[in-house]
Amino acid sequence: MLDLKWIRENPDAFDVALARRKAEPMSEMILQMDEKKRHLQTELQTAQARRNEAAKAIGKAKASGEDAEPLIKEVASLKTSVQQMEADDRELSSQMDELLSGIPNILKDDVPVGVDEADNIEVRTFGSAPTLDFAPKEHYELGADLGMMDFETAAKLSGSRFVVTSGKIARLERALAAFMIDVHTEEKGYLEVSPPVIVRGNALYGTSQLPKFEEDLYKLDTGSYLIPTAEVSLTNLVNDTILTEAELPLRYTAHTLCFRSEAGSAGKDTAGMLRQHQFAKVEMVSITTPEQSEEEHERMTGCAEDILQRLELSYRVVVLCAGDTGFGARKTYDIEVWLPGQDAYREISSCSVCGDFQARRMKARYRPEGAKGTRFVHTLNGSGLAVGRTLIAVMENYQQADGSILVPEVLRPYMGGLESISAET
RNA sequence: GGAGGGAUGGCAGAGCGGUUGAAUGCACUGGUCUUGAAAACCAGCAAGGGUGCAAGCCCUUCCGGGGUUCGAAUCCCCGUCCCUCCGCCA
């Protein structure tokens, strides 16, 4: 949600910002509506003030035995018009809210121009693709050959875009998640959280998945939803709270399942477990002051990268262009890991800074030290990392000519010392 | 599934028809005291919005909506959420 006051004061900047998102200018319409609302509000408040004044006078008149009848009549007549104006005011406010809640966040100035992922700009790279003296396989071939990855049975159980993993591959995924959480909590200062994966619409509104992207979500018949990312649960931890400056930044991490309907991605990445309806992800969320958020964004991205570096996986960081940046984000770094089987970089993490966009929706504020009042916090979220995709990356990068998979050094303690996964393990 | 209880300021918690935007405590801010700190004492301290250059003035808000009333945090109705007990169940 954008700040109406900011739009009012910077209508041209607002329209420019919309244009970067390929949206039509809206300032004129919004300002008109705002003008109308404020005019009504002023009128309403004048009437309310008079009503309050008269009501008090009635009390006094009655107490002193004077005739209160004319005042009572006046209040009665004011009452209907006040009620009407109140109703109009509510109507206008909810219209305004609806409109504002559908407008995407303002991009930061340094977000590159562009329409889709082809226009994203590489920021840095790490490592290099492993040199294999054989033709690398894709993860699902490797998994099937090991007998530890079964898409057919999953389809029978659950339909397309599901997988059943088993044995050491299942354990490898669990090991990855545990490793990531341990790094974030023990070295990076994140607090481990085990949150609900079922949330109310209100929480999804706060992080701006709702109202615009309901079709991407799984909705239960209780009216609640399965989370598409733990960003929802973690960020909403501060929903409707006023924090003190001293407690910021807050850093949360969680290992959860995520659920996405993948509406609109039919035919995309259908093979393997790259794009599933259900997947595990380790998420990072930071709640900061406005002054801290930019630096925190770099830091968070670094935390995600560190996981890949320790796994000795090659990756590159790209900054998303305007057209590819999500609705609620001001700026996003994607981390793309090298997949030998696909001969391509694929997204494995996405780290976004949202400014006060989500905070305003959630009413998440803090009291600045030495200043009056409250300010909205800034929120950030990033994957650290998508566990399923990390599993893919490990399998493809650590595959051997005989179809076995070496276990990365840092994961061995989590695998009971196992050094290699083969059909026999 | 059955039966009840509740939703008040950052937090806890009074108020149950009339200057109550709201007692009290904690937290927080400033001051006194102190070598410094703590303690103690004094004072201040809700949020959101309108208007104004500003100081200020005004409005709204005691979960949301509607009603009763000259007047509602307080009474009535509807909704949302939370909790307790019983039943069922992991």
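**Entry 1: pairing of β9 and β15.** I looked up how strand β9 (residues 278-288) is placed against β15 in this predicted model. The two strands pair in the antiparallel sense, and I recorded 7 bridges between them. To fix the register I noted one position: Val285 stands opposite Asn381 in β15.

**Entry 2: the pairing with β12.** I then turned to strand β12 (residues 344-353), which is joined to β15 by 3 bridges. Here too I noted an antiparallel run. As a register mark I took Val353, whose bridge partner in β15 is Leu380.

**Entry 3: burial of β15.** Why is strand β15 described as largely enclosed by the rest of the structure? I checked residues 378-386 and found that 9 of the 9 are buried, so β15 is largely enclosed by the rest of the structure. For burial I applied the cut-off of under 20% relative accessible area. For chain A, I noted that buried residues make up 49% of the 425 residues.

**Entry 4: the chain as a whole.** I counted 12 helices and 17 strands in chain A. I noted that the C-alpha trace spans about 100 × 45 × 40 Å along its principal axes. Of the contacts in chain A with a separation of 6 or more, 72% come from residues 24 or more positions apart.

**Entry 5: surface and charge.** I recorded an exposed area of about 20300 Å² for chain A, of which carbon and sulfur atoms supply 49%. I listed 48 positive and 68 negative side chains in chain A. The centres of these two sets lie 7 Å apart.

Key:
Residues numbered from 1 in each chain as written. Chains lettered and ligands numbered in written order. Predicted model: local features only at pLDDT ≥ 70, side-chain atom pairs only at ≥ 80, totals over all residues. Heavy atoms only, no water. Helix = DSSP H or I, 4+ residues; strand = E, 2+ residues; numbered from the N terminus. Buried < 20%, exposed > 50% of the residue type's maximum accessible area, 1.4 Å probe, protein only. Contact = heavy atoms within 4.5 Å. Areas by Shrake-Rupley, 256 points an atom, 1.4 Å probe, with all protein chains shown as cover. Lys, Arg positive; Asp, Glu negative; His and termini not counted. Charge placed at Lys NZ, Arg CZ, Asp CG, Glu CD. Pairing = 2+ DSSP bridges.
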